[in-house]
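Colleague: I'd like to practise reading side-chain contacts in a model. Can we take the charged ones and then the rings?

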Amino acid sequence: MDPALLVLFVGAALASLFMAWVIGAGSSGATPFAPAVGANAIGTMRAALLVGVFGFAGAVTQGGNVSEAVGSGLVGGIDLPVAGVILVLVLGAGLMAVGITTGIPIATAFTVTGAVIGVGLALGGTPVWPKYRQVAAVWLLTPVVGGGVAFGIASVLPRPDAPERCCVPALAGLVAAVLANVEFGFLGAGSAPGTLRGLAQRALGVDGVAWGVAVTAAAGLAIAAVVWWDVGRDEERGLRRVLLALGSLVAFSAGGSQVGLAVGPLLPLIDELRAVSAFAVLVGGGLGMLVGSWTGAPRMIKSLAQDYSSLGPRRSISALVPSFLIAQLAVLLGVPVSFNEIVVSAIIGSGAAVGGRDAVDARKILVTVGAWAGSFGLSFALAYAVAVGLL
């Protein structure tokens, strides 16, 4: 093994760990349990502990798709050199750190994607237009779909003809049905990815689409029945437990979707360093996010909890359900998506259902959208310019 290459890889790995820490300390480490903290269902430090643990689990079991897309799916005809990887990670993490310090909602997915494309094109790579169209579609539709679904759910929950004991179990059943079909690492045959539904079908010795639908429906109905019983026994505590469960799933999804932004640029280097596996890189990224959640997220959780507290458990559930669904769709497609964008859109939709237009600050929304777009444009321009000048 070339010692110089090893030293450069260690430098890139340290930059990747810093990026993972920033992600864990930022919105990905704060938003999943902020609703539960705001509803007094869990303390801040315990929330930070849980979001770190579930985020780590998501990174290890679901992080492969997005990591591969960031590492090799954004620019064709070229593998980023070690110096280019370091540049991408330092730019992305640096911009994120500026956002955390100043309160500007800079989106990790936008900064890292822009930096990877900027460096890759500057070094002679070719655009991957099909992937760009897919990423752009997800980015543009996320606010519309996430905010719309959250608005719809939050509009229904307070209605007298739609009591919580029926609606909340139905939402929980829907989430359980989706979760049964989510791919996890090492649940398939051998060491391949697989789903809980597939695992159940193999255990029962059944196969086919009909059996798959039956297993999915059974999982959804079972969870819905448990939640129906729990909410009926004690509505307030039952809603809080649902909120905690959703927060855990959103934290898990955040780990699966965001770790790729930290470790994805490292993956092309693994072929040159056979002693390092992709799984080890995912574990390292997950640990970085975990430490970031434990050390940096509590302050941001407290801040966000104040926004969520006005929504209450029902509206918070309305925001977290679409957040989970969109994050899992992004993981499935292997699209680097902004978790900040997902959750903020859901919050806006849920809040609008509560207070109408008066609850929506148009100026703040424009500033946020501008920061998201600026995150991509600035990171692309900086990465392209520095790569042309130095690499």
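Modeller: Sure, let's start with a charged pair: aspartate 234 and arginine 237 form a salt bridge, with their closest N and O atoms 3.9 Å apart. Keep in mind that this is a predicted model.

Colleague: How do I read that distance, and are the two partners buried or exposed?

Modeller: A salt bridge needs a side-chain nitrogen of Lys or Arg within 4 Å of a carboxyl oxygen of Asp or Glu, so the pair at 3.9 Å counts. Aspartate 234 is partly exposed at 29% relative accessible area, while arginine 237 comes out as exposed at 56%.

Colleague: Which residues do salt bridges with shared partners join into one network?

Modeller: Those are Asp230, Arg233 and Arg241. Take aspartate 230 with arginine 233 to begin with: their closest N and O atoms are 3.0 Å apart. Both sit in helix 11 (residues 209-233), three residues apart, which is about one turn of the helix.

Colleague: And what about aspartate 230 and arginine 241?

Modeller: Their side chains meet in a salt bridge too, at 2.9 Å from N to O. Aspartate 230 belongs to helix 11 and arginine 241 to helix 12 (residues 235-263), so this pair ties together parts that are 11 residues apart in sequence.

Colleague: How does accessibility look across that network?

Modeller: It's mixed. Aspartate 230 is buried, at 11% relative accessible area. Arginine 233 is exposed at 52%, and arginine 241 is partly exposed at 37%. Overall, the structure holds four salt bridges.

Colleague: Now the rings. What describes a pair of aromatic rings?

Modeller: Two things: the distance of the centres and the angle of the planes. This structure has six aromatic pairs. In one of them, tryptophan 139 and phenylalanine 376 have ring centres 6.0 Å apart and planes at 75 degrees, so the pair is edge-to-face. The cut-off behind that label is an angle over 60 degrees.

Colleague: Where do those two residues lie in the chain?

Modeller: Tryptophan 139 is in helix 8 (residues 129-156) and phenylalanine 376 in helix 17 (residues 362-390). They are 237 residues apart, so the pair links distant parts of the chain. Tryptophan 139 is buried, with 13% relative accessible area, whereas phenylalanine 376 is partly exposed at 28%.

Colleague: Which residues do ring pairs link into a cluster?

Modeller: Phe110, Trp139, Phe376, Phe380 and Tyr384. Try picking out their rings in the view, with Trp139 and Phe376 among them.

Technical notes: Residues are numbered from 1 along each chain as its sequence is written. This is a predicted model: local features need pLDDT of at least 70, side-chain atom pairs count only at pLDDT 80 or more; totals for chains, interfaces and linings use all residues. Side-chain values use heavy atoms; hydrogens and water are left out. Rings of Phe, Tyr and Trp (its six-membered ring) pair if their centres lie within 6.5 Å; planes under 30 degrees apart count as stacked, over 60 as edge-to-face and the rest as tilted. Helices (H or I, at least four residues) and strands (E, at least two) are DSSP runs, numbered from the N terminus. Buried means under 20% relative accessible area, exposed over 50%, partly exposed in between (1.4 Å probe, protein chains only).
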